[in-house]
Amino acid sequence: MSTAYDLASLDMAGTTIDENELVYRVLESTVAKAADTALPAELLGRWKGTSKWEAIQGLLAGLGRPATVPEVDAVFERFSADLITAYRETPPTPMPGVLELFADLRGRGIKVTLQTGYSAPIAAAIFEGLGWSVGAGEQHTVDALVTSDLVAASRPAPYLIFHTMEATGVRRVDRVLAAGDTPNDLGAADAAGARFKVGVTSGAFTEEQLRKAPHTHILGGIAEIAALA
């Protein structure tokens, strides 16, 4: 069966998983407490879609409170613990049509992977709450998961996408679809050279905001990528 891409490399929160932007509310609260000042919305927006450790470092610097690595580590630990607790109290849910999308694409021989600015423990807590698993075969939800703590730099660097290619044996970037709900997701797709650079408006940014970033498609939801296959 001929398809237009061999790998769907997809963001988690706001793209495939609906968590009502809980991650950013917890991030904002944690950093505001650490810096003892409120976060401007524009500053927080610049760091959406990136590694949460890098986001904390960047947010503190943007507030005029640059921190050492041990200080950022301490804030990140508080953030991670608070977010895992919040997710257990208010579990995320799959975006509409996501499980059907995964099954459809994998049934056509397309690898489905998730890549995220979360660390591995946070991603694991989400997967546990959803009952999802990683591995080959229809008994698993996705073929691979790559978290930000496994790469040298998170989005908009391309490494998360490259690692999903490595994990699935896909060698050609012109056979990759990368999708997410933030400009940083699209920046990473562009940096990776993905054939399809897809923004979705189901998360943190509007269509108008996403269109300012490099893209091939802007869609209302991730389930629509099935039509591009």
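Me: Is Arg-46 buried, exposed or partly exposed?
Reply: Happy to start there, with the reminder that this is a predicted model. Arg-46 has a relative accessible area of 46%. Exposed would need over 50% and buried under 20%, so with its 46% Arg-46 counts as partly exposed.

Me: And which residue does the side chain of Arg-46 meet in a salt bridge?
Reply: Side chains of opposite charge can pair when their charged atoms come close. Here the N to O distance is 2.7 Å. The partner sits 4 residues away in helix H2 (residues 41-46), about one turn of the helix. At 51% relative accessibility that partner counts as exposed, and its name is Glu-42.

Me: How many salt bridges does the model have?
Reply: The pair just discussed, Glu-42 and Arg-46, is a salt bridge. Arg-172 and Asp-174 form a salt bridge too, with their closest N and O atoms 2.8 Å apart. The count of salt bridges comes to 9.

Me: How many residues apart are Asp-6 and Arg-175, the pair that links distant parts of the chain?
Reply: The side chains of these two meet in a salt bridge, at 2.9 Å from N to O. Asp-6 belongs to the segment before strand S1 (7-10), while Arg-175 is in the loop between helix H7 (159-168) and strand S6 (176-180). Along the chain, the distance between them is 169 residues.

Me: Within that pair, is Arg-175 buried or exposed?
Reply: Let's take the partner before the arginine: Asp-6, at 28% relative accessibility, counts as partly exposed. Arg-175 has a relative accessible area of 17%. The cut-off for burial is under 20%, so Arg-175 is buried.

Me: What is the relative accessible area of Asp-174?
Reply: Asp-174 is the residue with which Arg-172 forms a salt bridge. Asp-174 is classed as partly exposed. Its relative accessible area is 36%.

Me: Which residues are linked with Asp-11 in a network of salt bridges?
Reply: This one goes beyond a single pair, as three residues take part: Asp-11, an arginine and another aspartate. The residues linked with Asp-11 are Arg-155 and Asp-185.

Me: Let's turn to helix H8: which residues is Pro-183 in contact with, leaving aside its neighbours within four places in sequence?
Reply: Pro-183 lies in helix H8 (residues 183-192), and at 28% relative accessibility it counts as partly exposed. Beyond those sequence neighbours, its contacts are Phe-205, Leu-210 and Ala-213.

Me: How far apart in space are Pro-183 and His-215?
Reply: In sequence these two are 32 residues apart. In space, C-alpha to C-alpha, the distance is 9.3 Å.

Conventions:
Residues are numbered from 1 along each chain as its sequence is written. This is a predicted model: local features need pLDDT of at least 70, side-chain atom pairs count only at pLDDT 80 or more; totals for chains, interfaces and linings use all residues. Side-chain values use heavy atoms; hydrogens and water are left out. Helices (H or I, at least four residues) and strands (E, at least two) are DSSP runs, numbered from the N terminus. Buried means under 20% relative accessible area, exposed over 50%, partly exposed in between (1.4 Å probe, protein chains only). Contact means heavy atoms within 4.5 Å. A salt bridge is a side-chain nitrogen of Lys or Arg within 4 Å of a carboxyl oxygen of Asp or Glu.
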